[in-house]
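Q: Could you take a close look at one strand for me, following its partners and the packing around it? I'd enjoy a friendly, connected account with the cut-offs spelled out.

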Amino acid sequence: KVKGTSMVDALIDDGDIILLQQAEAVEDGEMVAIWLESEAETTLKKIYHAPGRIRLQPANQQMKPLYYDPHDVKVQGKVVGVIRKAQK
């Protein structure tokens, strides 16, 4: 279940449920769930690999990208679907 609004421009909002496909290797630009060792939390972002660091890009124009050491980032899976509750 998603907490937060970092991916609203990708039509994923707070309270949505994401479906993940387990993956250890992912391509640049894929939307993935990432375990951040240093922060002991999972985040949902688009991933980009660069020499010596990983860029995690929110899909929200109000937020800036996050940069991490590759050893701090553990891919949990890539997003393959979203379930959203109907609005009342």
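A: Strand β2 and strand β6 (residues 73-83) run antiparallel and are joined by 5 bridges. Strands here are DSSP runs of E with at least two residues, numbered from the N terminus, and two of them pair if DSSP finds at least two bridges between them. Before we go on, please keep in mind that this is a predicted model, in which local features need pLDDT of at least 70 and side-chain atom pairs count only at pLDDT 80 or more, while totals for chains, interfaces and linings use all residues. Residues are numbered from 1 along each chain as its sequence is written, and side-chain values use heavy atoms, with hydrogens and water left out.

Within the β2-β6 pairing, V32 stands opposite K78. β2 also pairs with β3 (residues 41-50), again antiparallel, through 6 bridges. Here I34 faces T43, and W35 has T42 as its bridge partner. The hairpin that links β2 and β3 has 4 residues between the strands, and A40 in this hairpin takes a positive phi near 50°.

Zooming out for a moment, the open sheet has 6 strands in the order β1-β6-β2-β3-β4-β5, with antiparallel pairing. β1 (17-21) and β5 (66-68) each have a single partner strand and stand at the edges, so one side of each lacks a neighbour in the sheet. On average, neighbouring strands of this sheet are turned by 50° against each other, direction ignored; the axes are lines fitted to C-alpha atoms, with angles from 0 to 180 degrees between N-to-C directions.

Back to β2 itself (residues 31-36): 5 of its 6 residues are buried, meaning under 20% relative accessible area with a 1.4 Å probe, protein chains only. Its side chains feature in the largest nonpolar core, which has 11 residues, among them V32, I34 and L36. Such a core is a set of buried Ala, Val, Leu, Ile, Met, Phe, Trp, Tyr and Cys residues joined through side-chain atoms within 4.5 Å. β2, β4 (53-57) and β6 each supply at least two of its residues, and β2 gives the most, with 3. Leaving aside neighbours within four places in sequence, L36 is in contact with E41, T43, L56, Y68, D72 and V73, where contact means heavy atoms within 4.5 Å.

A second, separate core of 7 residues includes M31, along with M7, I12 and L44. M7 lies in the segment before β1 and counts as buried because its relative accessibility is 2%. M7 and L44 are 37 residues apart in sequence, yet their C-alpha atoms are 7.5 Å apart in space. Not counting residues up to four places away in sequence, M7 touches I12, M31, L44, K45, K46, Q57, P58 and A59.

L44 and T43 come up once more at the largest pocket: among its 17 lining residues, V2, K3, T42, T43 and L44 lie nearest its centre. A pocket is an open set of points on a 1 Å grid over the protein atoms alone, where a 1.4 Å probe fits, with protein on both sides within 12 Å along at least five of seven lines; lining residues have an atom within 4 Å of a point. β3, the hairpin partner of β2, contributes the largest share of the lining, 5 residues.

Methods: Buried < 20%, exposed > 50% of the residue type's maximum accessible area, 1.4 Å probe, protein only.
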